[in-house]
Amino acid sequence: MSGSVTTAAASSGGTGRIRGDEILSPPSGDSTRAAKKPRTVDVWAVQCCKCFKWRKIKSQEDYEEIRSKAKEDPFFCEKRPNVSCDDPADMNYDSTRTWVADKPNVPKTPIGFKRRLVMRRDYSKMDIYYTTPTGKSLRSITQVAAFLKENPEFKDISVADFSFTSPKIMEDTIPSDVGKKSSVKMEKV
């Protein structure tokens, strides 16, 4: 049985999946929302390796479990109760959402921590944040290492349990009214 593994996360502006060695996930939010409200993932989905249909996943935790084992334990429709490849897809890859490709086998977020992906206003990248059980927001591996050192109660958690790798944004799903960054430098007059 051939096929690639695909998992996804989506928002009203996005969805995602894993394909081959990447996971596509959609970030949430669309360009008509207020600029102050961050665009984050609001739908989690996985693509079946057999029929390639998208299946919604009920929680970020379940999605992360599937993603963390994507290469060794590919997803098939039959892993969901009462679902088969003969059933219609739960959602389709299209431009009604902004999709991003996350890497497969990204470690599952440690218990008590929360991983958040936030789309930049210009859709150039998603930023990764971890919220600790104490409510502190961590934005880098350096901050994670410092937090773990300062909080010995988390001694069983390693910096390797965190990933700040940003998912790839699927350009064909970015809203057309989003201003793209210009790669041309302005000349001095």
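1. Is Gln47 buried or exposed in this structure? At 4% relative accessibility, Gln47 counts as buried, because the limit for that class is under 20% relative accessible area. The model is a predicted one, and the points below should be read as statements about that model. Gln47 belongs to strand β5, which covers residues 43-47. A polar atom of the Gln47 side chain lies 2.9 Å from the backbone oxygen of Phe52.

2. On charged pairs, the structure contains ten salt bridges. One of these joins Arg67 to Asp102, with 3.0 Å between the closest N and O atoms. Arg67 sits in helix α1 (residues 60-68) and Asp102 in strand β7 (residues 100-102), so this is a link between distant parts of the chain, 35 residues apart. Both partners, Arg67 and Asp102, are buried.

3. A salt bridge also connects Arg80 with Asp90, where the closest N and O atoms are 2.8 Å apart. Arg80 and Asp90 are each placed in the loop between α1 and β7, and the pair links distant parts of the chain, ten residues apart. Arg80 has 24% relative accessibility and therefore counts as partly exposed. Asp90 is partly exposed too, its relative accessible area being 33%. This pair is not isolated: Arg55, Arg80 and Asp90 are linked in a network of salt bridges.

4. Asp127 and Arg120 form a further salt bridge through their side chains, at 2.9 Å from N to O. Here the two partners fall into separate accessibility classes. Asp127 counts as buried at 18% relative accessibility, while Arg120, with a relative accessible area of 33%, is partly exposed. The value for Asp127 is 18%, and the class of buried residues ends at 20%; a reader may wish to keep both numbers in view.

5. Turning to the sheet, four strands make up an open sheet in the order β4-β8-β9-β10, and the pairing is antiparallel. The edges are taken by β4 (39-40) and β10 (137-138); each has a single partner strand, so one side of each lacks a neighbour in the sheet. The pairing of β4 with strand β8 (residues 114-119) is antiparallel and runs over two bridges. Within this pairing, Thr40 has Val118 of β8 as its bridge partner.

6. Which residues have the most contacts inside the largest nonpolar core? They are Leu148 and Phe162, in a core of 24 residues. At least two residues of this core come from each of β5, β8, β9 (126-131) and α2 (141-150). Leaving aside residues up to four places away in sequence, Phe162 touches Pro107, Pro110, Phe113, Tyr130, Ile141, Val144, Leu148 and Ile157. Another core lies apart from the largest one and has seven residues, including Ala45, Trp54, Ala101 and Met170.

7. The structure holds nine aromatic pairs. Phe113 and Phe154 make one that is edge-to-face, with 5.5 Å from centre to centre and 65 degrees between the planes. Phe113 is in the loop between β7 and β8, and Phe154 is in the loop between α2 and β11 (168-169), so the pair ties together parts that lie 41 residues apart in sequence. Phe113 and Phe154 are both buried.

8. Tyr130 and Phe164 also form an edge-to-face aromatic pair, at 5.2 Å centre to centre and 75 degrees between the planes. With Tyr130 in strand β9 and Phe164 in the loop between α2 and β11, the pair links distant parts of the chain, 34 residues apart. What is the accessibility of each ring's residue? Tyr130 counts as buried at 0% relative accessibility, whereas Phe164 counts as partly exposed at 21%.

9. Ring pairs join Phe113, Tyr130, Phe147, Phe154, Phe162 and Phe164 into a cluster. Several of these names have already appeared above. Phe162 is one of the residues with the most contacts inside the largest nonpolar core, and Phe113 and Tyr130 are among the residues that Phe162 touches.

Terms used: Residues are numbered from 1 along each chain as its sequence is written. This is a predicted model: local features need pLDDT of at least 70, side-chain atom pairs count only at pLDDT 80 or more; totals for chains, interfaces and linings use all residues. Side-chain values use heavy atoms; hydrogens and water are left out. A salt bridge is a side-chain nitrogen of Lys or Arg within 4 Å of a carboxyl oxygen of Asp or Glu. Buried means under 20% relative accessible area, exposed over 50%, partly exposed in between (1.4 Å probe, protein chains only). Two strands pair if DSSP finds at least two bridges between them. A polar contact is a pair of N or O atoms within 3.5 Å; within protein, one must be able to donate a hydrogen and the other to accept it, and residues adjacent in sequence count only if both atoms are side-chain atoms. A nonpolar core is a set of buried Ala, Val, Leu, Ile, Met, Phe, Trp, Tyr and Cys residues joined through side-chain atoms within 4.5 Å. Contact means heavy atoms within 4.5 Å. Rings of Phe, Tyr and Trp (its six-membered ring) pair if their centres lie within 6.5 Å; planes under 30 degrees apart count as stacked, over 60 as edge-to-face and the rest as tilted.
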